[in-house]
Amino acid sequence: MKRTIFIIGLGLIGGSLARSIAKSNEKHIIGYDVDQHTLDFAHMNEIIDESSTDFTESAQQADIIILATPITETLFFIKKLNQIPFDHEVIVTDVSSVKKPIIDAANEISNEHITFIGGHPMAGSHKKGIQASKAHLFENAIYVLTPSETCSDTSISAIKEVLKATKSNFITLQASEHDEMTGVISHFPHLIASSLVHQAIKWGDTHTYIPKLAAGGFRDVTRIASSNPELWQDIFFHNRGKMSQLLQDWINEMTDIKQLIEQNSKSEIIKYLKQAKDYRDGLGTAKKGAIPSFFDLYVDIRDQTGAIASVANVLAEEDISITNIEILEIRQGITGVLRLTVSTKEAQQKSYQILHKVGYEVMLEK
């Protein structure tokens, strides 16, 4: 039986979910967005089966409702859904990266026809909007589910079935533990990246060459500061308790390292840096639960047409799949560094041997 999926919000995340769900002929997708151009684009490109400007009518037709909106809007739509008279059971989920306020609101739902399951697909892009959406955006990404108090295992299975085309790795967490962990590894790093950029801006008043020198490591560590400011303000607001705690922890950490540097505590600084290196180098090197492994190698390439394609083709001819590729630094007319990610240790070693054999300078991340 064909299920009707109602997606509210057709930006990067909502559009990407629609694209992946649309792969199944057993789903009928209704899209809702305040931007008519977005709806027209989604319909014209067959991302959705039909567009809607009537929220209540479309919600009443749906079997599954996906709230792919910013957190504040999601809270508004939860209240709105609670007031709609349904004549059948409806499963509602969201995509918000802060879960506690969402689940608190979901636990207040009095509408007996609604079952709510919090969701957070942990993938994204620095681009935004329906035009940036991709069917494969969530492939191999972690998709966190945070069930409400009344949610059953049957409902969780139903959501997983609807979202199976995303090829995500599903894990279930409590809302508070999700917010604490994403605060540490996602929300807080974004704030730090933005603060590093602000520091560069201030020093730029003194040293005008800073923008020209800001390459390599600086660009790499501050890349996420290019994301949507309005979206991140909403995230910071709704996770402000955890953010405040993390900021205080960071201030204490920086106070300690400042003291080590001022006192020239060589052995302690080396120990501090080594602990950080060992932990960072160990991220993702072993499969833990739903977290996929990854193995990196670095390739020096020339700044010339087809340089990246040449590396990819050499590995493709040996049937090696690259799971991620990133340009760390390219200087005009000189060389750059390409970071390639493969999924196994064997593929990493084989890639090294192949590229080294044909003359590339290669280094492994061990």
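This is a short walk through a predicted model, from its sheet to its cores, a pocket and one buried histidine.

Start with the sheet. Eight strands build it, and it is open. Their order is 3-2-1-4-5-6-7-8, with mixed pairing. Strand 3 (50-52) and strand 8 (169-172) stand at the edges. Each has a single partner strand, so one side of each is left without a neighbour in the sheet. On average, neighbouring strands are turned by 25° against each other, direction ignored. Strands of a sheet pair through backbone hydrogen bonds, either parallel or antiparallel.

Look now at the strand 8 edge. Strand 7 (residues 142-147) pairs with strand 8 in the parallel sense, over four bridges. Here Ile-142 stands opposite Asn-169 of strand 8.

Next come helices that lie across strands. Helix 2 (residues 36-44) crosses strand 2 (27-32) and strand 3. The helix runs at about 165° to strand 3. Helix 4 (residues 71-82) lies across strand 1 (3-8), strand 2, strand 4 (64-67), strand 5 (90-94) and strand 6 (114-121). Its angle to strand 4 is about 150°.

Helix 4 also leads into the nonpolar interior. The largest nonpolar core has 33 residues. Phe-6, Ile-65, Leu-67, Leu-81 and Phe-116 touch the most other members. Helix 4 gives the largest share of this core, five residues. Take Leu-81 as a guide. Beyond its neighbours within four places in sequence, Leu-81 is in contact with Phe-55, Ala-59, Ile-65, Leu-67, Phe-86, Val-92, Asn-111 and Ile-114. There is also a second, separate core of 30 residues. Among its members are Leu-12, Ile-66, Leu-137 and Tyr-143.

Now turn to a pocket. The second largest pocket has a volume of about 160 Å³. Arg-3, Asp-63, Ile-64, Glu-89, Val-90, Ile-91, Thr-115, Thr-154, Ser-155 and Ala-158 line this pocket. Strand 5 and helix 6 (153-162) each supply at least two of the lining residues. The largest share, three residues, comes from helix 6.

Finish at His-178. This residue is found in helix 7 (residues 175-204). Is His-178 buried or exposed? Its relative accessible area is 1%. Buried means under 20%, so His-178 counts as buried. Which residues does His-178 touch, not counting those up to four places away in sequence? They are Ser-97, Val-98, Lys-99, His-120, Val-144, Thr-146 and Leu-173.

Note on methods:
Residues numbered from 1 in each chain as written. Predicted model: local features only at pLDDT ≥ 70, side-chain atom pairs only at ≥ 80, totals over all residues. Heavy atoms only, no water. Buried < 20%, exposed > 50% of the residue type's maximum accessible area, 1.4 Å probe, protein only. Contact = heavy atoms within 4.5 Å. Pairing = 2+ DSSP bridges. Axes fitted to C-alpha atoms, helices over the stretch in contact; angles between N-to-C directions. Core = buried A, V, L, I, M, F, W, Y, C linked by side-chain atoms within 4.5 Å. 1 Å grid on protein atoms, 1.4 Å probe; cavity = no way out; pocket = protein on both sides within 12 Å on 5 of 7 lines; lining within 4 Å. Points joined across faces, edges and corners; volume = space filled by probe spheres on them.
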